[in-house]
Amino acid sequence: MLEIKNLKASINNKDILKGLNITIKPGELHAIMGPNGSGKSTLANVLSGKNGYKISGELKYQGKSLKEIPIDERAQKGIFLAFQYPTEIPGVNTNNFLKTSLNKVRKARGKKELDTLSFLKLLKEKSSELGIDEKMLSRQLNVGFSGGEKKKNEILQMKILDPNLVILDETDSGLDIDALKIIADGVNSSRDKKKSFLVITHYQRLLDYIKPDFVHVLSNGKIVKSGCMELAEELEKKGYKKIN
Amino acid sequence: MIENFKINSKEIDKIKKISKTERDFRINNLNLFNEKGFPNKKQEDWKFSDLREIVQKNFKKLDVNKVNSKVKKINLIKDFHHNYIVIVNGELKSSNFSFEDKNRVRIKNFKNDNFLQKNKENSLVCLNHALSDKGYDVEIEANYKFKKALIIYNLFTKDLKENILNSRNKIKIGENSELHTIDLVINDSKYKFMNNVYENIILENNAVYKNICIQNDKNEGYFHKFSKSKLSSRSKYSAFIFPSGPKFNKLDLEFNLEGEDSECILQSASFLNKNDHQEIKTKMNHIAPSCKSYQKVKNVLGSDGKGVYQGKIYVKDIAQKTNAYQLSKALLLSDSSEFNSKPELEIYADDVKCSHGATSGNVDEDSIYYLMSRGLSRKESIKLLIDGFLNEVVDMIKSNSIKKFVKSKLESQIHGY
Ligand SMILES: Nc1ncnc2c1ncn2[C@@H]1O[C@H](COP(=O)(O)OP(=O)(O)O)[C@@H](O)[C@H]1O
Ligand SMILES: [Mg+2]
C-alpha cells in the first residue's frame, strides 16, 4: 500500500525528515509515536501532498510514485489525512462540503454521484455511529466546534469517503476518554483486509483501544526503533529519552 | 472621446409642462453640471473613482434623450409570491399590488416639487436635478404592513447605446407601516450606457423598511445612485446590497437617523470580476440620541477588479447613546485586484459606542489545503471559499425563499470565475 524509502523533507531551510523508511501492507495498522517536534505532522503533510516542502527519496502508494500527484488527486485515489488541527472555514456549510467532497471522490473512482437524499441517509447513518449531533453538520465547517467535535468530524469524513490509506495525526490528543473510545470504535469498525492505517500519536493511551500491528518510534526525523505493542508500553514507562 | 461633455439648455425645453420655478431650478443645476463636468479624483468623494477619466476612456458620446422602448413581457420571478412594479430605462411602466389593500398604497410617476435642494458637491446629482423627468413615487399609508414583498424590476432595454439615463425615485412609509422591497436589475443592452439615479427614502415613526438590491447579471452599464434616507423615531431600515454586475457602480448613500431609537443596518456582498469598478460610499448621520447603525461590506475582487468603501459615521453632539459599527472585509483573488477602504469618524457626543474595522487579504492557503485534501480541486476550493465569504451576508436574510433566490443569483455570478 505504502512504501517510503529514505524520505527527506525540509521547509524554510529546516531539515525535518532525515531519511525515513516505512512499509505498510494492505490491512495493516502502524502506529508512529514520537516526541513533540520529531516530524510526525510533517510526515502526514508530505503524504497528503501539501505544498512547500523540499522532498527527496522514494514515496510509493499502490506501487506508483506519489511525487507529481497533487493534493486533490491523492485524496481521490484514497489517501485520507485526519488533521491534528482541522482548519475552521467560515461560511462553508459542513453538509454541503461533505457532499461535494464525497461526490468528487466517487466520480474519480468511476462511481455515480449521490443525490441529496441518498447522501443524507448515508450521513445520518455514519454520524449516529459516531454520536454526532446532526445540528453540528448544518453549521459552518469546524467553526466554533469543540476539540472533540472537530476530531469526530474528521473521523466522520474518513467513514464517508471510505479511503484506502488512512493517516490519523494525533486524533487522540485533547480528547476525554468517552470521545477517545468513540473515535477508536470508528477506526476499529473501518478496519479490513484492504485498508491500511498510519496512526500518529503522542501517547500510548490510544493504542489500548486501537491495537496496532506495528509500532515505530520517530525521533529527530527518523524511525529509530520498530516493534510490536510492547514497544509502546515500554515507551510509556521509560519515556522517549531512554529509547535511542 | 468626450472632452467637454456640455449639455445645451434646449434639453430642458423638451421637458413638457413645467413651471418657471422648476425651469429655473433645472437650468441652475444644468449650469452647475456644465461648470464642473463629471466628478474626478481631485474631489475627496471621488478620490478612488475618477469618473471623468472613466467616461472619457469608455464613451465616444452620451445621449441625454429619452429612450422609448417597447417591452413585450418580462419574466416575473416565480420563486415566491410578490407585488411588483416595472421600470423600463428608469420610467415607471406598470404596477401590481394584488396582495395588498390598494387603498393603502399610492404609486405614481415621480413629480418633483422641492426646488430648494442643493448639492453642489456631486455634479451628478446636479445633472439629475436638471434632467430627470421620470421615476416612481410610492407611498404607504400609516398602520399598514405589506403582506408580500414588492419587487422593483429595473429593466434596461437592448436599444440603449451610449445613453445617459436620469431618474428619480421616492419611497415613503407611513407611521407603524412596513414594506419589504427587492430591487432587481435586468439588463438587455449589450452596449455601454450610464444610469444616474436620485433616490429618497422616508420612514415615519415606527416604520420598518427592508430592501434587497440585486444586480441580476453582468452588463456594460455605468451606474451611479445617490440615495438619501430619513429615519424617524423608532423606525428601522435594513438594506442588503448585492451590487456586482455593472462595469462601474457607485452607490452614494446617506442615512439620516433623525428620530430617537431609530436603527439602520447596511450589509453588502459583492463579487467584482475582471475590470469591474465599484464604490460604496456611506454617510451615517446620527442626529438624534439612542440610535443604532451597523454596516458590513464584503468584497471579493478578481483580476483587475477594483473595490472601494468609504464609510463615514457622523455623530451630532446631542446624539448621546449612539451605537455605530462599521466593518469592511475584502478577499483579493489576484495580484491585480485592488481594494481601498476609508473609514471616517466624526463624533461630537461623548457617550457613544463607535467602532470600525477593515481587513483585506488573499484566500487562506490553509483552507484551500484542507478542502483539496478532501478531493476538491484548487479552483473548486477557492470557489467554495468565495461562496462562504459572501454567504455570511446572504445568510442574514430572514425569509428562506428570498435567501435561496439571492444565493442562486450570487452563485451564478461566481460561476463565471
Ligand atoms: N513550515 C515550517 N517552517 C519551519 N519549521 C517547521 C515548519 N513546520 C514544522 N517545522 C518544524 O519542524 C519540526 C517538526 O514539526 P512537526 O512535524 O509539526 O512535529 P510533530 O508533529 O512531531 O510535533 C518542529 O521543530 C517544527 O517547529
Ligand atoms: Mg504534530
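Modeller: Two strands pair if DSSP finds at least two bridges between them. Strands are DSSP runs of E of at least two residues and helices runs of H or I of at least four, numbered from the N terminus. This is a predicted model: local features need pLDDT of at least 70 and side-chain atom pairs pLDDT 80 or more, totals for chains, interfaces and linings use all residues, and side-chain values use heavy atoms, without hydrogens and water. Residues are numbered from 1 along each chain as its sequence is written, while chains are lettered from A and ligands numbered from 1 in the order written.

Colleague: Which element gives the largest share of the shell around ligand 1?

Modeller: A residue is in that shell if one of its heavy atoms lies within 4 Å of the ligand. Both β2 (14-24) and α1 (40-48) of chain A supply at least two residues. The largest share, 3 residues, comes from α1(A).

Colleague: OK, polar contacts: which side chain has an N or O atom 2.5 Å from an oxygen atom of ligand 1?

Modeller: A polar contact here is a pair of N or O atoms within 3.5 Å. G37(A) puts a polar backbone atom 2.8 Å from a ligand oxygen, and S41(A) has a backbone N or O atom at 2.9 Å from one. The side chain at 2.5 Å is that of T42(A).

Colleague: And what percentage of ligand 1 does the protein bury?

Modeller: Areas come from the Shrake-Rupley method with a 1.4 Å probe. Ligand 1 alone exposes 560 Å², and the buried part of that is 65%.

Colleague: How many residues apart in sequence are the two that coordinate the magnesium ion?

Modeller: Donors are N, O and S atoms within 2.8 Å of the metal (3.2 Å for Na, K and Ca), and sites may look incomplete because water is not among the atoms. Ligand 2 gets OG of S41(A) and OE1 of Q84(A), at 2.1 to 2.2 Å. S41(A) sits in helix α1 and Q84(A) in the loop between β6 (79-82) and α3 (94-108) of chain A, so the pair links parts whose separation in residues is 43.

Colleague: Is Q84(A) buried or exposed?

Modeller: Buried means under 20% relative accessible area, exposed over 50%, partly exposed in between (1.4 Å probe, protein chains only). S41(A), at 25%, is partly exposed. Q84(A), at 15%, counts as buried.

Colleague: Over in chain B, how many bridges join β9(B) to β11 (236-242)?

Modeller: Strand β9 (208-215) has 7 of its 8 residues buried. β7 (178-187) pairs with β9(B) in the parallel sense over 8 bridges, with T181(B) opposite N211(B). On the β11(B) side, C213(B) has I241(B) as its bridge partner. β9(B) and β11(B) also run parallel, and their bridges number 7.

How values were computed
Polar contact = N/O pair within 3.5 Å; in protein donor to acceptor, adjacent residues only side chain to side chain.
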